[in-house]
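This report covers an internal cavity, one helix and a few backbone features. The structure is shown first.

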Amino acid sequence: MYFESTLSMLDYTCVDPFSRMNPLLILSLNNMGCKAQLSPTFYDSTCPNALTVIRTSIRTAVSRQRRMAALLTRLHFHDCFLQGCDASILLNDTPTTERTTFSNVGVGGYEVIDSAKSGVENICPGIVSCADILAVAARDASVAVGGPSWSVGLGRRDSTAAYPSQADSDLPRADQDLQSLISDFEVKGLSERDMVALSGAHTIGQSRCVAFRGRIHGNGSDIDANFATTRRRNCPLTRGEGDDNMAPLDLVTPNSFDNNYFRNLVQRRGLLQSDQVLFNGGSSDRIVLEYSNSPSRFASDFAAAMVRMGEIDPRTGANGVIRTICSAAN
């Protein structure tokens with residue numbers, strides 16, 4: 001049975017140390033307190049060239065558009081924060097899709113994941129999940145723009161439904177304060193340091209005027225006046241005017257993965273309010289200063305945080321499917 005072969009490729013950490021000795025107990029894993037463990041070698045025997053195909057697809061996409069690295073990272077993040085990393089964000093069955101929710105406006109990269117999935121399906125039909133492709137794509141995107149690499153645990157399964165009603169409540173917002181950000185990440189099992197490190201993904205990519213209009217026109221003491229003036233030129237105060245105009249999240253090197261994002265925060269040049277609150281007299285100031293002074297520490301912590309984020313409530317075994325097309329349920 002396919003179910004049995006899938007189980008054999010997973011490692012389980014169980015309360016009962018003798019469960020491995022009794023195959024009958026495999027049938028009641030959910031009742032034993034067992035936890036499926038993702039493994040970087042999950043596809044070594046079933047689709048050994050999968051990671052190469054994905055990497056080639058991501059490199060090609062990023063070489064054509066550097067911003068794609070940011071889009072793919074954000075796509076993985078927005079997927080994991082809703083019911084875990086299960087590729088639910090990729091489903092495009094209206095009206096139940098997450099794609100059209102307010103929090104996911106501006107999220108992109110779907111076509112790149114579709115292309116990578118198509119390539120993998122050509123060599124290993126029905127083996128590699130969209131959720132795993134999304135996780136690997138985020139890692140490969142980081143590497144493509146000079147960022148860190150990390151070992152991606154594999155073995156996720158795909159959801160059969162999306163969660164549009166939770167998108168706007170569960171995903172972080174651009175106007176949040178520090179404590180609410182810390183709380184939102186803690187709910188997902190991520191620490192304050194994880195939150196700051198993951199926010200560092202804003203070292204690449206852009207944001208829409210509608211997300212930072214309030215900050216640059218608010219005349220607050222937490223924003224550099226010259227920076228605000230520059231950003232106002234392309235983002236008028238009036239709502240509905242220039243809402244989709246874009247600005248780089250990192251003022252200095254918007255297309256390279258580095259620690260300039262944190263240096264910008266120290267200079268009060270964070271584009272989003274939720275960026276600048278990381279350095280505004282609160283508990284995360286010390287972490288921002290640490291990353292602003294140490295690119296290597298930021299890169300290391302970012303990689304570790306991406307691993308932890310990628311392990312938020314994954315579906316494994318029978319608790320999910322392998323979608324043939326990432327945008328549609330089987």
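The second largest cavity is lined by Leu38, His76, Ala135, Trp150, Ser151, Val152, Gly153, Arg156, Met306, Val307, Gly310 and Glu311. The model is a predicted one. By residue class, this lining divides into 6 nonpolar, 4 polar and 2 charged residues. The space in the second largest cavity comes to about 60 Å³. In total, the structure holds 2 cavities of 30 Å³ or more.

Helix H5 spans residues 130–144, and Ala135 is one of the residues lining the second largest cavity. H5 has 15 residues and reaches 20 Å from its first C-alpha to its last, close to the 21 Å expected at 1.5 Å a residue. The helix is mostly covered, with 13 of its 15 residues buried. Just after H5, Gly146 takes a positive phi of about 90°.

Positive phi values also occur at Gln83 and at Asn219. Gln83 is not a glycine, and neither is Asn219. The table places the two residues in their loops.

| Residue | Phi | Loop between |
|---|---|---|
| Gln83 | about 60° | helix H3 (68–80) and helix H4 (110–123) |
| Asn219 | about 55° | helix H9 (209–216) and helix H10 (225–232) |

Are these residues buried or exposed? Gln83 counts as partly exposed because its relative accessibility is 36%. Asn219 has 63% relative accessibility and therefore counts as exposed.

Note on methods: Residues are numbered from 1 along each chain as its sequence is written. This is a predicted model: local features need pLDDT of at least 70, side-chain atom pairs count only at pLDDT 80 or more; totals for chains, interfaces and linings use all residues. Side-chain values use heavy atoms; hydrogens and water are left out. Helices (H or I, at least four residues) and strands (E, at least two) are DSSP runs, numbered from the N terminus. The expected span of a helix is 1.5 Å times one less than its number of residues. Buried means under 20% relative accessible area, exposed over 50%, partly exposed in between (1.4 Å probe, protein chains only). On a 1 Å grid over the protein atoms alone, a cavity is a set of points where a 1.4 Å probe fits but cannot get out, and a pocket is an open set with protein on both sides within 12 Å along at least five of seven lines; lining residues have an atom within 4 Å of a point. Grid points are joined across faces, edges and corners, and a volume is the space filled by probe spheres set on the points. Ala, Val, Leu, Ile, Met, Phe, Trp, Tyr, Cys and Pro count as nonpolar, Asp, Glu, Lys and Arg as charged, and the others, Gly among them, as polar.
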